[in-house]
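Dear colleague,

Please find below the structure I wished to pass on to you. A summary of what was found in it follows.

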Amino acid sequence: MSSTAAERLTASRAEQALIDARHVRVLRLWLGALALLIVAMILVGGATRLTDSGLSITEWKPVTGAIPPMSDGAWQAAFDAYQKIPEYLELKRGMSLDEFKTIYWWEWGHRFLGRLIGVAFLVPFLAFWFAGYIPRALLPRLLGLFVLGGLQGALGWYMVKSGLVARVDVSQYRLTAHLGLAVAILGYTLWLIFDPGRESKGATRSGTSAAAWAAGVVLALIYLQILAGGLVAGIDAGFGYNTWPLINGAFVPSGLGEASPWYLNLFENPLTVQFDHRMIGYSVVVAALAQLAWLGWKKAPTVLIGSAMTLALLALLQATLGVWTLLLAVPIELGLAHQAGAVAVFATAVYHFRHSVHAPQAAATVHARASA
């Protein structure tokens, strides 16, 4: 009898493991779809910036704003509202209604994607929750993701508000915060895909290993570079100084400290902001290559070397694309390609960091060899 009961218990556990595995696959597909929508949101946001469309909608209506103007009168009312803000009065005076519709659709599309992401999260989340698909450990993480999405929507409107009264553009500080939070949400979503609430059996968590520290530093450097890119976009620093490798005839040009107090140069001096973006970009490439060389020297597990090599190659391609974009004064196609490249580099860095921390025995092996 005891043997039969043990067999039944074993069979029951095996069946439950299969059910759990199916649930995890479904959750990963759902989160993967959300990640793709977030990437689309980031790229459409970039296009909105490059086409100067971000201030075309001068009000925030989270629900009813999903419906665009449906009549000539509604379009004229939206255009009349736009004609009252400084951007139109100082830069776009004389714009036709058809030209306004073009920039309106970019901004509407950006906001619509935000609403779509909210629905694409909330409806499946509730269904999976009621159906028992969500592991207990994953539930608070998903709720945190939803809260971050709501904060991102509020931050987006806070950014737009900065350009409706006393400026002809949005604040570069708020734009960079908006971009930074979007990329952070993407990174968090990717992490949930890689680890949906359950650790793999036999995995060794070594968050303080040498490999994990190195991967974390490279990831942080890439994130800093994305923020620096947000500042470049925020003050249109990419439209000037379109030479490489020199700026104004020098690798380290004069004029980097013209603003006073000095720290404002880091955020408001176009020359300094672009210079910083270049230097951090060089640092990303050097760090990614150095990490790859170090892992190869230490004979790290294949999975780590493979992800590090992919990251290094993408960093090199992204730097090359950045130079090309700069030399051509940021045409919209290259500008969006450069932004997409940044997202790809960041996502790969998150993937590599995850493997450095969670891959079976990988981080512990590298740490042991590094200590030898």
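A polar contact is a pair of N or O atoms within 3.5 Å, and within protein one of them must be able to donate a hydrogen and the other to accept it. Such a contact appears at the start of helix 6, where a side-chain oxygen of Ser171 comes to within 3.2 Å of the backbone nitrogen of Tyr173. Please bear in mind that this is a predicted model.

Helix 6 itself covers residues 172-194, 23 residues in total. From its first C-alpha to its last, helix 6 reaches 33 Å, close to the 33 Å expected at 1.5 Å a residue. Because 17 of its 23 residues are buried, helix 6 is largely enclosed by the rest of the structure.

As to the overall fold, the protein chain contains 12 helices and zero strands. Of its 372 residues, 42% count as buried. Among contacts between residues at least 6 apart in sequence, 79% join residues at least 24 apart. The accessible surface of the protein chain comes to about 18,900 Å², and carbon and sulfur atoms account for 69% of that area.

The surface also carries a nonpolar patch formed by Leu122, Leu126, Trp129, Phe130 and Phe146, which together have about 520 Å² of accessible area. Helix 4 (residues 97-131) gives the most to this patch, with four residues. Trp129 lies in helix 4. With a relative accessible area of 45%, Trp129 is partly exposed.

With kind regards

Technical notes
Residues numbered from 1 in each chain as written. Predicted model: local features only at pLDDT ≥ 70, side-chain atom pairs only at ≥ 80, totals over all residues. Heavy atoms only, no water. Helix = DSSP H or I, 4+ residues; strand = E, 2+ residues; numbered from the N terminus. Buried < 20%, exposed > 50% of the residue type's maximum accessible area, 1.4 Å probe, protein only. Contact = heavy atoms within 4.5 Å. Areas by Shrake-Rupley, 256 points an atom, 1.4 Å probe, with all protein chains shown as cover. Patch = residues over 30% accessible without salt bridge, like charges linked within 9 Å, V, L, I, M, F, W, Y side chains within 5 Å. Salt bridge = Lys/Arg side-chain N within 4 Å of Asp/Glu carboxyl O. Expected span 1.5 Å × (residues − 1).
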